Amino acid sequence: MPKKEAQAILPAYPSIETLAPYQIGKPIEELTREMGVTDVIKLASNENPYGSSPRVTLAITQELDKLARYPDGNGFGLKQKLADFYEVSPNQVTLGNGANDILDLLARSFVGHKDAMVYSQFAFIVYGILAKAQGALGIEVPAVHFAHDLAAMQQAVVKNTQTKMVFIANPNNPTGTVLEIEEVRNFIANIPPSVLVVIDEAYVEYCPAANHRALLDEFANVVIVRTFSKAYGLAGLRIGYALSSESVAEMLNRVRQPFNVSRLGLAAATAAIDDTAFIERSNQLNIEQRRWLGSQFDALGLGFIKSAANFIMVEIDNASSINQALLAQGVIVRPLQNYGLDNWLRVSVGTPEDNLRLIDTLRSILNNDAL
Ligand SMILES: Cc1ncc(COP(=O)(O)O)c(C=O)c1O
């Protein structure tokens, strides 16, 4: 049956018909397949360039003879570990197939199609996708200097009485901007307690100052979302989690799929959380390399946003053509047209070798002007 006809017979929910899907960072295998480039580096998805803790490998190996069995659908061991780590009850922890699964569960549990969700311009694009998926009103509040404008967001929440959820990405992806705990505390204190405040701390291990765990004890309407995909180096296994009140966790638990975290994911995350030295080292290397990249962008005369995370947004004319030229040389970064940031690229902070290659390749492209 021709595609058009199928659409007419099976119309999707109206807001989904107009929904632009999430654009992932180009996988290395795809670039090789499409352009025949084999020596590829990927600086496009903010993964940990140093891999994951050796403890993860051991933990996974010990699970390999149990793969025929479903995982523990309640994630008892990992929840207990996270509960001890954050000094909360295991009943306040929800596990997900990545933080994205958690964000999805939150939207599905608390936002209906006449409701509204508030988030900042240039905030993680998934928030807008969730609003559309729910058929809800997505209210995007203009950013100031690429950062969340909490005063304007507060006004938007108060003005739109149908607001059920507000997202704060801290540090924010793709801008790398960060909010102090006092600003966020003040924001929450000035919105109705019936609005759920989702603080997305996917990059918090790279920015300990963005740890707003304390707010969980102060406000019942706070949810903190985190992931093992970034500093823990487990993006391929898909494990994220939420810390919330017990009653919010109870709702998420009703909606989630029975086995939403895999056996290998549970084992890996439980082992990874113990290796604090690995996280500290990753953080330290990230700080050094982020600083180095900044100095190189300065030397190339490129503007960039000061970042608190493991990526940097860099301003560049002809970003789209530069991106293509980088791809042809086997360097994958992230174009940001879908954020309305046509003259910007986001680069993940890689290993010293990867960063050197990025800068050398970029310099030769810019000098050559061969676009
Ligand atoms: C701000 C933010 N939140 C959440 C996620 C989702 O991470 P994951 O689903 O891999 O845990 C990402 C990933 O890029 C992110 O940048």
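Helices (H or I, at least four residues) and strands (E, at least two) are DSSP runs, numbered from the N terminus. This is a predicted model, where local features need pLDDT of at least 70, side-chain atom pairs count only at pLDDT 80 or more, and totals for chains, interfaces and linings use all residues. Residues are numbered from 1 along each chain as its sequence is written, and side-chain values use heavy atoms, with hydrogens and water left out.

**Exercise 1. The loop after E5**

Task: Find the cis peptide bonds at Pro171 and Pro174, and place both prolines.

Solution:
- Step 1. Start at Pro171. The bond from Asn170 to Pro171 is cis, and omega is near -10°.
- Step 2. Go on to Pro174. The bond that joins Asn173 to Pro174 is cis, with omega near 15°.
- Step 3. Place them. Pro171 sits in the loop between strand E5 (163-169) and helix H9 (181-189). Pro174 is in the loop between E5 and H9 too.

**Exercise 2. Around the ligand**

Task: Which residues are around the ligand, and what distances do Asn173, Asp200 and Ser229 show?

Solution:
- Step 1. List the surroundings (a heavy atom within 4 Å of the ligand). They are Gly98, Ala99, Asn100, Phe124, Asn173, Asp200, Ala202, Tyr203, Thr227, Ser229, Lys230 and Arg238.
- Step 2. Take the ligand oxygens. One oxygen atom of the ligand is 2.7 Å from an N or O atom in the Asn173 side chain. For the side chain of Ser229, the distance from a ligand oxygen atom to an N or O atom is 2.7 Å.
- Step 3. Take a ligand nitrogen. It is 2.6 Å from an N or O atom in the side chain of Asp200.
- Step 4. Link back. Asn173 also begins the cis bond to Pro174.

**Exercise 3. Two domains**

Task: Describe how domain 1 and domain 2 meet.

Solution:
- Step 1. Set the bounds, which come from an automatic or database domain assignment. Domain 1 is 3-51 + 277-368, and domain 2 is 54-272.
- Step 2. Count the contact (heavy atoms within 4.5 Å). Domain 1 gives 33 residues and domain 2 gives 31.
- Step 3. Locate the centres. The C-alpha centres of the two domains are 23 Å apart.
- Step 4. State the buried area (accessible area, 1.4 Å probe, lost when two parts are put together, summed over both). Domain 1 and domain 2 bury about 2,600 Å², with 66% of it on carbon and sulfur atoms.
- Step 5. Name the elements. Helix H2 (14-17), helix H13 (276-299), strand E9 (311-315) and strand E12 (344-348) each give two or more residues to the domain 1 side. H13 gives the most, with 6 residues.

**Exercise 4. Salt bridges**

Task: How many salt bridges are in the structure, and how many lie between the domains?

Solution:
- Step 1. Apply the rule: a side-chain nitrogen of Lys or Arg within 4 Å of a carboxyl oxygen of Asp or Glu.
- Step 2. Count. The structure has 16 salt bridges. Between domain 1 and domain 2 there are 0.
- Step 3. Take one pair. The side chains of Asp115 and Lys164 form a salt bridge at 2.9 Å, N to O. Asp115 is in the loop between helix H6 (99-110) and strand E3 (116-120), while Lys164 is in strand E5, 49 residues apart.

How values were computed: A residue is near a molecule or strand if one of its heavy atoms lies within 4 Å of it. A polar contact is a pair of N or O atoms within 3.5 Å; within protein, one must be able to donate a hydrogen and the other to accept it, and residues adjacent in sequence count only if both atoms are side-chain atoms.
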